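This report goes through selected features of the structure shown below. It takes up charged pairs, aromatic rings, surface and strands in turn.

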Amino acid sequence: DFSADGFADILWRNATSGEVGFWDFENGGIAGWRSFGDPGASWVIQATGDYTGDRSSDILWRHSSTGETGFWDLDQGAIGSWTSFGNVGLDWTVQKTADYTGDGSDDVLWRNGPSGEVGFWDLDNGAIGGWRSFGPVGADWVMS
C-alpha cells in the first residue's frame, strides 16, 4: 500500500525505459497511476515493506555493481526521502522483508551465498537498530 489508503497497490517497472511507478488501487479498481521516474538501470528493486512504520510501503533498492543499499521512503504515494544503508558486499542477497521484531517497522533478511550466514537488519523507524545473525544454513536449504 504505497499511498497509505488501506488498499494494496501494484508496483511496476518498465523493462525498456526503466520507469518505476504504481497502480494506486481503491475499492478493487485502479484509482490512478503514479510515476517515480527512472532511477537508472543499475538500481534493482529488492523488496517492498514499511521500513519506517508509517503504514506506507517503501521500496528497497540495491545498486547492482557497488552493493549500495537503501530505500525510498514513500509518503502517501510520493517519494519523501532516500535513506542509504551504505554498501553491502555483493555476496549478500536480500531474502525477504517483514516485521520480525513486532515493532511496526519491517526488517531486512539477508543471506550470504558463500558462507550461508542468515540474519536480518532490525530496522527501527527506517534506521538500522542492529544486526541479528542466525548463523550459517546449508546451501541445500532455500527460503520460500
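In this predicted model, D38 is partly exposed, with a relative accessible area of 47%. The side chain of D38 meets that of R13 in a salt bridge, at 4.0 Å from N to O. This pair links distant parts of the chain: R13 belongs to strand β1, D38 to the loop between β3 and β4 (43-49), and 25 residues separate them. R13 is partly exposed as well, at 28% relative accessibility.

How many salt bridges does a search of the whole structure find? The search finds three. Besides the pair of R13 and D38, there is a salt bridge between R34 and D24 and another between R132 and D122. The table lists them with their N to O distances.

| Salt bridge | N to O distance |
|---|---|
| R13 and D38 | 4.0 Å |
| R34 and D24 | 3.0 Å |
| R132 and D122 | 3.4 Å |

In the salt bridge of R34 with D24, the closest N and O atoms are 3.0 Å apart. The pair links distant parts of the chain, with R34 in strand β3 and D24 in strand β2, 10 residues apart. Is D24 buried or exposed? D24 has a relative accessible area of 5%, so D24 is buried. Its partner R34 is partly exposed, with a relative accessible area of 30%.

D24 has a further side-chain partner: a polar contact of 2.9 Å joins the side chains of D24 and S3. S3 sits in the segment before β1. At a relative accessible area of 8%, S3 is buried. The side chain of D24 thus takes part both in a salt bridge with R34 and in a polar contact with S3.

The salt bridge between the side chains of R132 and D122 has an N to O distance of 3.4 Å. R132 lies in strand β11 and D122 in strand β10, so this pair ties together parts that are 10 residues apart in sequence. R132 is partly exposed, with a relative accessible area of 42%, whereas D122 counts as buried at 12% relative accessibility.

The strands that hold R132 and D122 are also paired with each other. Strand β10 (residues 117-124) and strand β11 (residues 127-136) run in the antiparallel sense and pair over eight bridges. Which residue of β11 is the bridge partner of V118? That partner is G135. The hairpin of β10 and β11 has two residues between the strands, and N125 in this hairpin takes a positive phi near 55°.

Ahead of this hairpin, P114 lies in the loop between β9 (107-112) and β10. P114 counts as exposed, at 66% relative accessibility. From C-alpha to C-alpha, P114 and P136 are 9.7 Å apart in space, while in sequence they are 22 residues apart.

Aromatic rings come next. The structure holds 14 aromatic pairs. One of them is the edge-to-face pair of F36 and W72, with 5.5 Å from centre to centre and 65° between the planes. F36 lies in strand β3 and W72 in strand β6 (residues 68-75), so the pair ties together parts that are 36 residues apart in sequence. Both rings belong to buried residues: F36 has a relative accessible area of 15%, and W72 has one of 11%. Which residues form one aromatic cluster with F36 and W72? They are F2, F22 and W61.

The last topic is the nonpolar surface. I10, W12, W23, I30 and W33 make a nonpolar surface patch of about 480 Å². Two strands, β1 (10-13) and β3 (29-37), each supply at least two residues of the patch. W23, another member of the patch, has its place in strand β2 (residues 20-26). With a relative accessible area of 30%, W23 is partly exposed.

Strand β3 thus recurs in several of these features. It holds R34 of the salt bridge with D24, it holds F36 of the aromatic pair with W72, and it supplies at least two residues of the nonpolar patch. As a general point, the side chains of a regular strand alternate between the two faces of the sheet.

Technical notes. Residues numbered from 1 in each chain as written. Predicted model: local features only at pLDDT ≥ 70, side-chain atom pairs only at ≥ 80, totals over all residues. Heavy atoms only, no water. Patch = residues over 30% accessible without salt bridge, like charges linked within 9 Å, V, L, I, M, F, W, Y side chains within 5 Å. Areas by Shrake-Rupley, 256 points an atom, 1.4 Å probe, with all protein chains shown as cover. Helix = DSSP H or I, 4+ residues; strand = E, 2+ residues; numbered from the N terminus. Buried < 20%, exposed > 50% of the residue type's maximum accessible area, 1.4 Å probe, protein only. Phe/Tyr/Trp six-rings, centres within 6.5 Å; stacked < 30°, edge-to-face > 60°. Pairing = 2+ DSSP bridges. Polar contact = N/O pair within 3.5 Å; in protein donor to acceptor, adjacent residues only side chain to side chain.
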